[in-house]
Amino acid sequence: MRGPVRWPLLAAVAAVVVLAMVGSAAGRFVVEKNSLRVTSPEELKGKYECAIGNFGVPQYGGTLHGWVVYPKSNQKACKSFDEFDINFKSARSGGRPKFVLIDRGQCYFTTKAWNAQNAGAAAILVVDDKSEPLITMDNPEDAGTEHLENITIPSVLITKKLGDDLKKSAENGDMVSVLLDWRESLPHPDERVEYEFWTNSNDECGPKCDMQMDFVKSFRGTAQILEKKGYTQFTPHYITWYCPEAFVVSKQCKSQCINHGRYCAPDPEQDFSQGYDGKDVVVQNLHQICVFKTANESGKPWLWWDYVHDFSIRCPMKEKKYTPECSADVIRSLGLDAEKINKCVGDPEADEENPVLKAEQDAQIGHGKRGDVTILPTLVINNRQYRGKLDKSAVLKAVCAGFEETTEPAICLSDDVQTNECLDNNGGCWQDKDNNVTACKDTFRGRVCECPVVKGVKFVGDGYTNCEASGIGRCEIKNGGCWKETRNGKTISACSNEVSEGCKCPPGFKGDGIKSCEDIDECKEKLYCQCKGCSCENTWGSYECSCGGNNMLYMREHDTCLSKEATSAVGWSFLWVIFFGLVLAGVGAYAVYKYRLRSYMDSEIRAIMAQYMPLDNQEGPNQHHVTHAGDDI
């Protein structure tokens, strides 16, 4: 049931081409796995590996808990269980799901899954029939595909040893409980998911081609939204093969390959004498890669989905429209740069490597934990190959499982993708019902209890039993958890935005600041208004003090009384002192200014005159010689 993509060609030469798949000699196929944990019986408790089937819907990012049953009849599940009057549905609502142990052999894996699903199974555990490393259960190429699109339960392959132990326990009447866990089947390192879709432009290859195109049509809108908002980075890829050098000049290789046998694809109709050739498929594959490259360079990689969707509708092989001319019309309608795309495609007749297709062949080879791409179609998410049904809902769940928890986009948290665990008892997290604030944050993988940020205010705490507002603005949220009271239109609070945490009763109050703050009676406790002749009256949070006589004024900062007249006289005297002080300062400053200005001008004038005549206070040798020169005359 495993192996490279097969070309049922009609000639021995074509069979050789198939075997010449790039890297087949040293290919590396990786079996994608999830974990299986037996929780009972006691002697089987533990964690085991199982291989994810390449059909049905694996619960990527989630878990599934159920009871294991081993049917007494139809143990290979190759027939309908109705023939044996066997039903795996729970007797009453709320019952735990049932996982059916099924023996390998005699029929397709998909047939086993379909029969078990129809009988009410929640999952199937296929037991290998020999001791060997785990393999991937693939879907059939041609026959047996009638149920493929309708299988919705997950399927896994387990080792013969584990299967025999589970069967023995089930036959002994033990309650065998198993947890299937896909939470770590895909890496989820950060807030962006990178995924690849290995596909083919051929629309005449049967059910698999129909499945690919149905997926493109249904997933296109979702993929474009995720890409436009930067949640994902998508890359399409196409598989090609090379023709063995000894057959490059053969008619078969010439019809199925381009660039002198370097890049080949199977004949669409599997008939070399009619219809389109494999080389037509390779050329269109190349066009689709170049469409993506050109769109990506223009900042609109999502246009690839529009091109592939429109080409499949406007240019089908059945209507003989699978042509370069039809492709050009689609490119033109999407506003893409046709000249740049044609330059990218290059010359298919040239006897040289095409750098675009060469890069595709290199990309087929596995690296890291990703194996070689040998199955069409193949979806690779965060460098791991997706296993399961190529369906919008199933693939979206897998993509959502690739996000780091709490970074998933809103589409991953919709009801048709996952269950909101915060709706059940608030997920066991802290909650303030009065203010509609909760620490429960719904995620694709479940929920996390994390103190929230509300209106720019961060809450701090363990998220389970306690969360308190912290920082600037915290008093706007439930008053920061502090005491607050309003009387006669006046509100007093023990919360201050000047500190990031804590509660403290304001001046005039005493208490813990959280549950209560009581008014301090300053008059009774003789804290203020103790001056002679003063009269004290307590108020809420403060006091009022009055002095005896109408001409007295109370000075709160000095807790004393002063005469209003004295106060007034002192006040006017003080103002006159300030006035005269300013006048004297101004006069002094003016005098200094005039003196400095006069000195400066005198020095300038003397300097100028010294250049033209001697001054009285300047004597020197030159003056002496001039006098004697006159005497000689």
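Let me begin with strand 2 (residues 46–52) and strand 6, which run antiparallel and are joined by 2 bridges, where strands are DSSP runs of E with at least two residues, helices are DSSP runs of H or I with at least four residues, and both are numbered from the N terminus; two strands count as paired if DSSP finds at least two bridges between them. Within this pair, Ala51 stands opposite Leu157 in strand 6.

Before going on, I should say that this is a predicted model, in which local features need pLDDT of at least 70 and side-chain atom pairs count only at pLDDT 80 or more, while totals for chains, interfaces and linings use all residues. Residues are numbered from 1 along each chain as its sequence is written, and side-chain values use heavy atoms, with hydrogens and water left out.

The pair I started with belongs to a barrel, which 7 strands close in the order 1-2-6-5-4-3-7, with mixed pairing. From one strand to the next, the twist averages 40°, with axes taken as lines fitted to C-alpha atoms, for helices over the stretch in contact, and angles running from 0 to 180 degrees between N-to-C directions.

Now to helix 2, which lies across strand 4, strand 5 and strand 6 and runs at about 140° to strand 5. How many residues of helix 2 (residues 109–118) are buried? The count is 9 of the 10, so helix 2 is largely enclosed by the rest of the structure; here buried means under 20% relative accessible area, exposed means over 50%, and partly exposed lies in between, with a 1.4 Å probe and protein chains only. Among the buried residues are Phe109, Lys112 and Trp114, and the cover over the buried residues of helix 2 includes strand 4 (98–103), strand 5 (123–127) and strand 6 (155–158), a contact being heavy atoms within 4.5 Å. Just after helix 2, Gly120 takes a positive phi of about 100°.

Turning to charges, a search of the whole structure finds 21 salt bridges, each defined as a side-chain nitrogen of Lys or Arg within 4 Å of a carboxyl oxygen of Asp or Glu. One network of salt bridges links Asp103, Lys160, Asp164 and Lys167. In that network, the closest N and O atoms of Asp164 and Lys167 are 3.7 Å apart, and both residues lie in helix 3 (residues 160–171), 3 residues apart, about one turn of the helix. Asp164 is partly exposed, with a relative accessible area of 31%, whereas Lys167 is buried, at 13%. Elsewhere, Glu194 and Arg192 meet in a salt bridge at 2.9 Å, N to O.

Further along the chain, strand 27 (residues 552–555) and strand 28 (residues 560–563) pair in the antiparallel sense over 4 bridges, with Met555 opposite Thr560. These two strands form a hairpin with 4 residues between them, and Asp559 in the turn has a positive phi of about 45°.

My last local feature is a nonpolar surface patch of about 520 Å², made by Trp576, Phe579, Phe580, Val583 and Val587. Phe580 lies in helix 12 (residues 564–609), and counts as partly exposed because its relative accessibility is 49%.

For the whole chain, there are 13 helices and 28 strands, and 45% of the 633 residues count as buried.

Methods:
Patches are made of residues with over 30% relative accessible area and no salt bridge: like charges are joined within 9 Å, nonpolar side chains (Val, Leu, Ile, Met, Phe, Trp, Tyr) within 5 Å. Accessible areas come from the Shrake-Rupley method with a 1.4 Å probe; for residues, only the protein chains shown count as cover.
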